Amino acid sequence: MCWCLMVPCLLLAQVSDNTHIADSLDLEGEYDQSLKFRKLALNENTHSGDFMKVIRAKYYYTLSCSSEIVGGQDRHSSALENSLKARDYCQQLPKESHLYLKHLVQNRIYHQYGYLGKWDKALVEAEKNLEIVLDTFPEHHQKVLYIIDDLGFIHTKMGDPERANAYYERSNALYKTHHPENLFDVYANYDRVVENYKKLGLRREEFRLLSDAEQYWEKVSTHEDAFSQRFVTYRKLADWYSFYGDYKLAENYLQKQEHLLDSMSLSHKKSEQKTLDRRDLWQLYAAYIDIYYQTNEQDKAKKYIGLSENLLKESTRYYMWDVEGEINLYYLQSQLPELSDAERITYLNKAITLATESEAKFYTDPTPYQLALFRLLAEQKRNTDALKLSEVILSKENLSDHQKFQVLCEEGAILSRQMRSEDAVRCFDEAMQCILKTPNTDYSFSSLKPEQLKEFYTYETLDGLLMMGTHFLKHYQKTSEEDDFKSAYNLFMLTSELFNQIYIGDMYNSKLYKSYKDIEKGLISCGMLKQESTMLSDILQTLENNTSKLTWSKFVYSKSKQRLNIPDSILYKELELKSLINYYQNKLYTSKQESGLSSDSLSHRITDLKTQLRKQQQAIQQTYEPYYHRSQETFDLEGFKKQLDTDQVAYKFVFVESDLFVFQISKTDCKLKRLNEDDDVATSISTYVNALSKFDSEVVIPEAMKPLVDLMNESQFDDITIIAGQSLAMLPFEALMDDYFESDKVISYSSSLKLYAEQLKVPSQKDLLVGIFTGQSENQISANYLPAVMKEVSAIGDIVPSQLFQNATKHEFIEKSPEFNILHLAMHSGIDLENPEFSHLDFSGERLLVGELYNETLNADLAVLSACDTGFGMIYNGEGVQSVSKAFTYAGVPSTVMSLWKVDDKATASIMASFYKHLDNGAPKHRALKLAKRDYLNSEIDEALKHPYYWSGFVISGNVDAFKSSANGYWWLLLLLVPVIGFVVYRRL
């Protein structure tokens, strides 16, 4: 190891006072002062030849630094020229001497090549510098790590994010192993690594690092640069959530970033403060505008466009960010909804022109704006202009593979619409070469596997593959060429794999839902064309794995958490977050203004806490391996079919645009059928449900629903489970069947096959023990008093073992519910369609919000929600109805009885008492509910009270296995008494 690299100022024994002083000034960055002493040292004639070379090398090195610090292209060129002179003298020195000086000079050379945009030369010089320091220091030394990080940066600039991240990951691993006390540099690098993952399309990896960085910067809040790092991280998290389509969370992070603006401003140098403040505002306003465009909040978008226009008035185009801000503002203005197509094109051309003019000076890239113009021209069916522009874009040398893929796919889609199939396929083939891991290899669209593709996990990649699949499917329908069908089917399956990499399992947003429905449309079209059982099974399994993940994961988490032996400290943190969420939800519910906070502030606080809670639960999932593997399970259709009996069937209904399809899944088969032609069946279903939910309406099944009626009446299966979405989720299917109560058929429901398979795994073979909770008592009659409730709960108590909690509070319910395997709630409820988490159950003097229930874990096997509208609510894409009943599923209850509308008090009391009677007699839950409804219809009631409104509104969802009744559960004890009685009788004889 060479000592002269470790002690830079002691250059052998010949260090002069002038050189020593200059070295010290260099360390302080006082290069102009240092030059005075360097010049004095040059005039010294008492040194050896080698040391004079050192003095000259140092002179040119300091001169280089002096030029560099001023900045500008000319000064950087001059700096590089002086650095190269310094290196010339260094190269005349013995190979193993003065390595630190050689390192300093080499360091400046590759940085200055970078400042001049000559990244290929910067790479060569940086690699030389790495060789110099590795001759002296071990790989984990921080001076080595700085150069490794710089190599990552250079590869990023050269458009090789994959190689760049390899360097960053190498550096990060060494930091964590050898410098755990100083992880600041690791997390500072995350900013660049994240950008590279973004370029590579690895958006999940990007999100993982951003989440990790957020926690780190908030944890080390005392670090002098922590707030600026948080500022950047919040901005990137906002960008990620905007990409993902969760605009509420994106806005939340932008507001967190905005709160740091003043601190950021104070951190800037006085001379740069105004311009850097303007840069930060440019970026923040642009992000807000983009979000508000996506959420159709045009007034908010226009507000920030106005603020951006004010910033533009202060711009001199002297600074890069002013130019970038102006370019982006033109782009954002082009998206204003009231503009004509010609005006949009004008704004985009302004952006393209300014980006092109500024490309040499500020490295601005016109490509994104040319892409936007290309898409606009394609939308306007100006195909010739669009294709001309695509040629211009594709001719660019700096075009990334991801951008090239997008352009070629959209060009192929245009050619496909023009019936130019061969040209379209040529474009699609070129596009595919951009995302193949090993381009120019033999492949076919019909047999491509996910592992052959680069990991471009973006919506643009997904859309491109969908364009290809759509082309091949349409071509097959015209030509019947089998390879076209195989290509289409395989491409749609690939998009599903890609979607699964983008979707993180939360509630669908509009972007996710559109992509899912496009994939669903392609796969169901393929399934209808072939009707092969194996293919249909694969299609169904694929679709099921990409929907209802949130409900399934919540249910699995609630059922699994108790068995994980999680430390109390971790559970306490989870409980603390849940409590805070509940607290602020109640504050927001009861008041729009609390403690000086606006409702918007409260909403964002809740959103922030929910994000923390999700991260806490994700950490539990990752830490506890059994649950982690459980949470990663995919839906296994064959395994599900084995759970079914021979007389059981599941009907999964799917709307594709205006068409209704049904998958029929039995123990031995999987089939797919279309249930309408050109009829608007969705509107007919809504009209029919509306008639059912009114006691005085005339109920007539619309003609468009007849195929649905025929499906139910002609089913060869007796035990039917309905998996329905959209308007079908509010339909009681038993009302479609004329002879339902005379038949052996019985019906239950679930929101997804994946959830239903999970619910079936929960055993119900237990004795009945019912906890009955009401929000009233017979001695306290109020305006909202339900007269039949006391009769209802009294009847239940006479039938099954139970405990009644009159005037129950919500806290009493949470505290006492673990003691029972059936929870019966007889009370008022309220539905909030605008904010489903504010739907509620009315306990004594207080309301239990659905949002609070989401955060609970309940042990019961069945929840009977004997209240109005407990199965009603807003229908969320991909997750079904967000109702009071759904909250119990989230909390881990595998079976719920719920109401689809405002039910009648007396009819409810009668049906509920009869339901428990049949349940106690050992009937499965869904059959017990059917028999209870039949008892009601057969009772001595007025004919008007037999209207479906009174009986069809209650349905059961989830596991329908029978309980063991307490009355029948111990019949075997009587058998034991027989020999005892015989023995006693014998002795007496």
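The following dialogue explains how to read several features of a predicted model.

User: Where should a reading of the overall fold begin, and how many helices and strands does the protein have?

Analyst: One begins with the elements and the totals. This model is predicted, and the protein has 43 helices and 18 strands. Of its 989 residues, 55% count as buried. The exposed surface amounts to about 44300 Å², with carbon and sulfur atoms supplying 50% of it. Among contacts with a separation of 6 or more, 69% are between residues 24 or more positions apart.

User: What is the expected span of a helix, and which span does α4 show?

Analyst: The general idea is a fixed rise for each residue, here 1.5 Å. Helix α4 covers residues 49-70, and its 22 residues should span 32 Å. The end C-alpha atoms of α4 are 33 Å apart, which agrees. Just after α4, Gly-71 takes a positive phi of about 85 degrees.

User: Which residues other than glycine have a positive phi, and where are they placed?

Analyst: Two cases may be examined. Tyr-363 has a positive phi of about 60 degrees although it is not a glycine. Its place is the loop between α19 (359-362) and α20 (367-379). Tyr-363 is partly exposed, at a relative accessible area of 47%. The second case is Met-419, with a positive phi near 65 degrees. Met-419 is found in the loop between α22 (401-417) and α23 (421-435). With a relative accessible area of 57%, Met-419 counts as exposed, since exposed means over 50%.

User: Is Gln-333 buried or exposed, and what is it in contact with?

Analyst: For a polar side chain one reads the accessible area together with the contacts. Gln-333 lies in helix α17 (residues 320-333) and is buried, with a relative accessible area of 6%. Leaving aside neighbours within four places in sequence, Gln-333 is in contact with Tyr-293, Ile-305, Glu-309, Leu-339 and Tyr-347.

User: How does one read paired strands, and in which sense do β6 and β7 pair?

Analyst: One reads the direction of the pairing, the bridges and then the cover on each face. Strand β6 (residues 719-723) pairs with β7 in the parallel sense over five bridges. Ile-722 stands opposite Tyr-749 in β7. Strand β7 (residues 746-750) is mostly covered, as five of its five residues are buried. Val-746, Ser-748 and Ser-750 point one way from β7, while Ile-747 and Tyr-749 point the other way.

User: What order do the strands take in the open sheet of three strands, and which strands stand at the edges?

Analyst: The order is β11-β12-β13, with antiparallel pairing. β11 (829-830) and β13 (846-849) stand at the edges, each with a single partner strand, so one side of each has no neighbour in the sheet. β11 pairs with strand β12 (residues 840-843) over two bridges, and Gly-830 stands opposite His-840 in β12. Four bridges join β12 to β13, where the bridge partner of His-840 is Leu-849. His-840 and Asp-842 point one way from β12 and Leu-841 and Phe-843 the other way, and all are buried. The hairpin of β12 and β13 has two residues between the strands, and in this hairpin Gly-845 takes a positive phi near 75 degrees.

User: Which residues touch the most other members of the largest nonpolar core?

Analyst: A core is read through its membership and then through its most connected residues. The largest nonpolar core has 179 residues, of which Met-432, Met-468, Ile-502, Phe-640, Phe-663 and Ile-665 touch the most other members. Not counting residues up to four places away in sequence, Met-468 touches Phe-405, Cys-409, Phe-428, Ala-431, Met-432, Phe-445 and Leu-491. A second, separate core of 73 residues includes Phe-653, Ile-822, Tyr-916 and Phe-954.

User: How many disulfides does the structure hold, and how far is the sulfur of Cys-427 from the closest cysteine sulfur?

Analyst: The test is a distance between sulfur atoms, with a cut-off of 2.5 Å. The structure holds zero disulfides. For Cys-427, the closest cysteine sulfur is in Cys-409, 9.0 Å away, which is too far for a bond. Cys-427 is buried, with a relative accessible area of 0%. Cys-90 is also buried, at a relative accessible area of 3%.

Key. Residues are numbered from 1 along each chain as its sequence is written. This is a predicted model: local features need pLDDT of at least 70, side-chain atom pairs count only at pLDDT 80 or more; totals for chains, interfaces and linings use all residues. Side-chain values use heavy atoms; hydrogens and water are left out. Buried means under 20% relative accessible area, exposed over 50%, partly exposed in between (1.4 Å probe, protein chains only). Contact means heavy atoms within 4.5 Å. Accessible areas come from the Shrake-Rupley method with a 1.4 Å probe; for residues, only the protein chains shown count as cover. Two strands pair if DSSP finds at least two bridges between them. The expected span of a helix is 1.5 Å times one less than its number of residues. A nonpolar core is a set of buried Ala, Val, Leu, Ile, Met, Phe, Trp, Tyr and Cys residues joined through side-chain atoms within 4.5 Å.
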